[in-house]
Amino acid sequence: MTDIDQFIAGLPKAELHLHIEGTLEPELMFALARRNDVTMPYGSIDEIRQAYDFGNLQDFLDIYYAGTNVLRTPQDFHDLAAAYFDRAAQDNIVHAEIMFDPQAHTSRGVPFAHVIEGLLSAMRDAEERHGITSDLILSFLRHLSEEEAFDTLRAATPWLPQIKAVGLDSSEVGHPPEKFARVFAAAAEAGLKLCAHAGEEGPPAYVWEALDLLKVDRIDHGNRALEEDALVERLVDEQMVLTVCPLSNLKLCVIDDIASHPLDRMLEMGLRATVNSDDPAYFGGYLNDNYRAVTAARSLSREQVALLARNSITGSFLPQQAKDAHLATIDAYLEQAH
Ligand SMILES: Nc1ncnc2[nH]cnc12
Ligand SMILES: [Zn+2]
């Protein structure tokens, strides 16, 4: 390991953009298929990995939703999240805000309760076993209707105290944020924080809509915001957090190669960027892999890497006291890493 890789490995950090269904490794997919007597469309783990070659977001989503078919019981969702948290502990993740896609499961007849109870039990275990705190972000699938998003928010009612935020994901182009303005307003009314994927494949106009119509607290991705100076200025002025996902951008062809990733440009422009893994089982790397890849490709300094980790803490939905405690841990780490 190089010096900077070692520095990244030991740095305390939060993960703010992570789809729990995107952490389903092929090995666990096979194990759950066997446990639930589900026929797999793949013959081997190698065959699955070979299928992970995406030309765009939709190519990936088709395979990602097919993968969720093995997830049926609360234990399955528990095992999925427990595997993520075990992996997160190795990367020195101290806090994770994890998205889940209830409609990917309720549409297959899996009760909302099975999904969320399994996830919540793994989250409690993660705090006990690893000291990792976590929060849930209920994400609406934007290719589905506004009415279906409202149905999902209603289904979540008994668990609202255990849900921190709502999100908006799935096929971006053709499904502008505007479509979900009313359901986001209802979520805000219920006391939830708001995030939305915007500017991953969709145009800068979708980022404006996420800000003006959804009134989001965070933008997931935001890459295409760089195409408009006035939008960048707005994001900088508001110190809006962007949850950037370098290896995801590479695998989904949002960028041509990792050497052209705009992360350092974002930081230099004063944007509040963070690094995240998105769907690590599909994109070839967990959080530290993302930090390492972009650091090597863009020759990031220790100061830039530390800023990214600080942004992950300050950009989280943790209470201020917890943020201060994590920032103090980062300061102590920087002191001894000198
Ligand atoms: N990167 C991504 N963009 C949109 N929807 C997603 N669902 C899971 N990962 C996603
Ligand atoms: Zn995402």
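Tutor: A residue is buried if 20 or more other C-beta atoms (placed from the backbone) lie within 10 Å of its own, exposed if 12 or fewer do, and partly exposed in between. This is a predicted model, where local features need pLDDT of at least 70, side-chain atom pairs count only at pLDDT 80 or more, and totals for chains, interfaces and linings use all residues. Residues are numbered from 1 along each chain as its sequence is written, and chains are lettered from A and ligands numbered from 1 in the order written.

Student: OK, so why is Thr 274 called buried?

Tutor: Thr 274 has 27 other C-beta atoms within 10 Å. Set that against the cut-off of 20 or more, and Thr 274 counts as buried.

Student: Where does Thr 274 sit, and what is it in contact with?

Tutor: Thr 274 is in strand β8; strands (E, at least two residues) and helices (H or I, at least four) are DSSP runs, numbered from the N terminus. Contact means C-beta atoms within 7 Å. Skipping neighbours within four places in sequence, the partners of Thr 274 include Leu 16, Val 241, Thr 243, Leu 308 and Gly 315. The C-alpha atoms of Thr 274 and Asp 220 are 9.8 Å apart, with those positions 54 residues apart along the chain.

Student: Now the ligand. Which residues are around ligand 1?

Tutor: Taking a C-beta atom within 6 Å as the test, they are His 19, Gly 22, Leu 57, Tyr 64, Asp 169, Ser 170, His 197, Glu 200, Ser 248, Asp 278 and Asp 279.

Student: And which residues does UniProt list under "binding site"?

Tutor: The unreviewed entry gives His 17, His 19, His 197 and Asp 278. They gather at one spot, because no two of their C-alpha atoms are more than 11.8 Å apart although they span 262 residues in sequence. UniProt also puts a "binding site" feature at Asp 279, again in an unreviewed entry. Such annotations may be inferred rather than shown by experiment.

Student: What makes His 19 buried?

Tutor: His 19 has 25 C-beta neighbours inside 10 Å, so it passes as buried. His 19 belongs to strand β1 (residues 13-19). Not counting residues up to four places away in sequence, His 19 touches Met 99, Asp 101, Asp 169, Asp 278 and Asp 279.

Student: How do you know whether Asp 278 is buried or exposed?

Tutor: Count again: Asp 278 has 30 other C-beta atoms within 10 Å, so it is buried. Asp 278 is in the loop between β8 (272-275) and α14 (280-283). Among the residues Asp 278 touches are His 17, His 19, Gly 22 and Ser 248. Asp 279 lies in the loop between β8 and α14 too, and with 25 other C-beta atoms within 10 Å it is buried as well. Beyond four places in sequence, Asp 279 contacts His 19, Gly 22, Tyr 64 and Ser 248.

Student: Switching to α7: how do you know that its length agrees with a helix?

Tutor: The expected span is 1.5 Å times one less than the number of residues. For the 19 residues of α7 (residues 112-130) that gives 27 Å, and the end C-alpha atoms are 27 Å apart, so the two agree.

Student: Which residues of α7 are buried, and why say they line one face?

Tutor: Phe 112, Val 115, Ile 116, Gly 118, Leu 119, Ala 122, Met 123 and Ala 126 are the buried ones. Seen down the axis of α7, they fall within an arc of 160 degrees, so they line one face; the arc is that of the directions from the helix axis to the C-beta atoms. The other side of α7 has Ala 113, Arg 124 and Glu 128 exposed.

Student: What do the buried residues of α7 pack against?

Tutor: Their partners are α5 (74-90), β2 (93-100), α6 (103-106), β3 (133-141) and α8 (146-155). In α8 itself, Ala 149, Thr 152 and Leu 153 are buried. Those fall within an arc of 100 degrees, so they too line one face of the helix. Turned away from that buried side of α8 are the exposed Glu 147 and Arg 154.

Student: What makes Asp 37 worth a look?

Tutor: Most residues other than glycine have a negative phi. Asp 37 has a positive phi of about 60 degrees although it is not a glycine. Asp 37 is in the loop between α2 (26-36) and α3 (45-51), and it counts as exposed because just 7 other C-beta atoms lie within 10 Å.

Student: And why is Asn 92 called partly exposed?

Tutor: Asn 92 has 18 other C-beta atoms within 10 Å, which lands in the in-between class. Asn 92 is in the loop between α5 and β2, and its phi is positive as well, near 60 degrees.

How values were computed. Contact = placed C-beta atoms within 7 Å.
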